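Dear colleague,

Please find the structure I promised below. I should be grateful if you would look through it alongside the notes that follow.

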Amino acid sequence: MAKASVVVPEQVGAAAAAAQVGCPCPGTTLFPYPPPRAGIAVRRKCLQAAQQLELGAGLRGGWVESMRASSPTHAKAAAALAAGVDEEHAAWMARHPSALGEFEKVVAASKGKQIVMFLDYDGTLSPIVDDPDAAFMSETMRMAVRSVAKHFPTAIVSGRCRDKVFEFVKLAELYYAGSHGMDIKGPASRHAAAKSPPHNKGVLFQPASEFLPMIEQVHDRLEQATRSIPGAKVENNKFCVSVHFRCVDEKSWGALAETVRRVVREFPRLRLSQGRMVFEVRPTIKWDKGKALEFLLDSLGFADCSDVLPVYIGDDRTDEDAFKVNKYLYY
Ligand SMILES: [Mg+2]
C-alpha cells in the first residue's frame, strides 16, 4: 500500500480527510454542489488538446476544441459519466481505486507515519463558480479544514494569489502556497508557529521574484487586449496571471484564445497553459505545485523520510505536478 496510488474522487477526497480526524459537523454536507467530473475519455482529450495549446500547434479550431475539452460543464461531465463506464475507464479505476473504498488500507498505511495534508482550493475546497472572486468556501468546509490542521501540518496549494486564497480560507494556522507554488508562507498564528520546527518559522519562498515586473506588464496587456471580449476576466495572481473564460460566450472563445496567445508571445520568458475554464500565464522557471510540495516537506523536516505520508487532494491539471512527486495518496 505504501507505494500505491489511490485516487480520491473529487470533493469526496476532502471528506475522507475530514472523516479521519472527525468532522465537527456530522450529518452536514461539505459539498453543496454536484460532482463535476468528466469521464476518462474527456480527461485524455483535455490533456492532448492542452498539450497542443502549449506547443502552439493548434489553429483557432484546435484552441476552441481544447477549451471545450478541458472545461466540461457539470451537465457535460454528468452526461459523460451517465453514458457508461467503458472498458478503459474500468481498467483505469481498477488501477486507481477510490480512497474511500480503500479507506481501511489508507488508515493502515498511515500507521506510525506523520500525515501531511496538501489541499488545492478552487474546485476542491470551493465550488467552481462564474465569478472567480466569489469562489467562497462554506463554513462547514472551513471547520473541516481547521479540524484537519489540528492534527496534521496542512497546506493550501493554489494557482491563485496567496493573499486571495487566505482571504477565502481565513485560517492562520495553515501553510499557503499561492501562484502555483511560487509564493509560499508558513502559519501566521502564534499557536501554529510555536508548534513548527525552529528552522521553519515564517517560511517564505518566492522563486519567481524577478518576474514580478513582467507579470504586472503582461497582466496590463492582457486586460487591455481582452477588454472587447465580454465576460473575459484577467486576474493578477502576483507571480502568474489567469484569464478566466467561464463567462465568455463560446462563440468568442477562438478570438479570446488568439488574443491571449498573441500577447503572451510578446513575453518569451512566460508560458501559456490551460486549466478548467482558464488560461494560465506563468514564468518559464522549473517550479510548480510539485516543487512546492517538496519544498514544504523539506521545510517541515520530512525530506527523504520514510515515516511521512503526504496526502494531496486537487482537481486540476496543475495538481498533477504534485501527484507526480507524491507517490502515496492523491486525487
Ligand atoms: Mg482546483
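The notes below concern a sheet, the helix across it, and a second helix with one of its residues.

Please bear in mind that this is a predicted model.

The sheet is open and has four strands in the order S7-S8-S10-S9, paired antiparallel. Its edges are formed by S7 (233-236) and S9 (270-275); each has a single partner strand, so one side of each lacks a neighbour in the sheet. On average, neighbouring strands here are turned by 20° against each other, direction ignored.

At one edge, four bridges join S7 to S8 (residues 241-244) in the antiparallel sense. Among the bridge partners, asparagine 236 is matched with valine 241 of S8. Helix H10 (residues 212-226) lies across S7, S8, S9 and S10 (278-283), and its direction makes an angle of about 170° with S7.

The second helix is H7 (residues 139-151). Its 13 residues should span 18 Å at 1.5 Å a residue, and the end C-alpha atoms are 19 Å apart, which agrees. The buried residues of H7 are Thr140, Met141, Arg142, Ala144, Val145, Ser147, Val148 and Ala149.

Arginine 142 belongs to this helix. Its relative accessibility is 9%; because buried means under 20%, arginine 142 counts as buried. Leaving aside residues up to four places away in sequence, arginine 142 touches Met137, Phe168, Val169, Lys170 and Leu171.

With kind regards

Terms used
Residues are numbered from 1 along each chain as its sequence is written. This is a predicted model: local features need pLDDT of at least 70, side-chain atom pairs count only at pLDDT 80 or more; totals for chains, interfaces and linings use all residues. Side-chain values use heavy atoms; hydrogens and water are left out. Two strands pair if DSSP finds at least two bridges between them. Helices (H or I, at least four residues) and strands (E, at least two) are DSSP runs, numbered from the N terminus. Axes are lines fitted to C-alpha atoms, for helices over the stretch in contact, and angles run from 0 to 180 degrees between N-to-C directions. Contact means heavy atoms within 4.5 Å. Buried means under 20% relative accessible area, exposed over 50%, partly exposed in between (1.4 Å probe, protein chains only). The expected span of a helix is 1.5 Å times one less than its number of residues.
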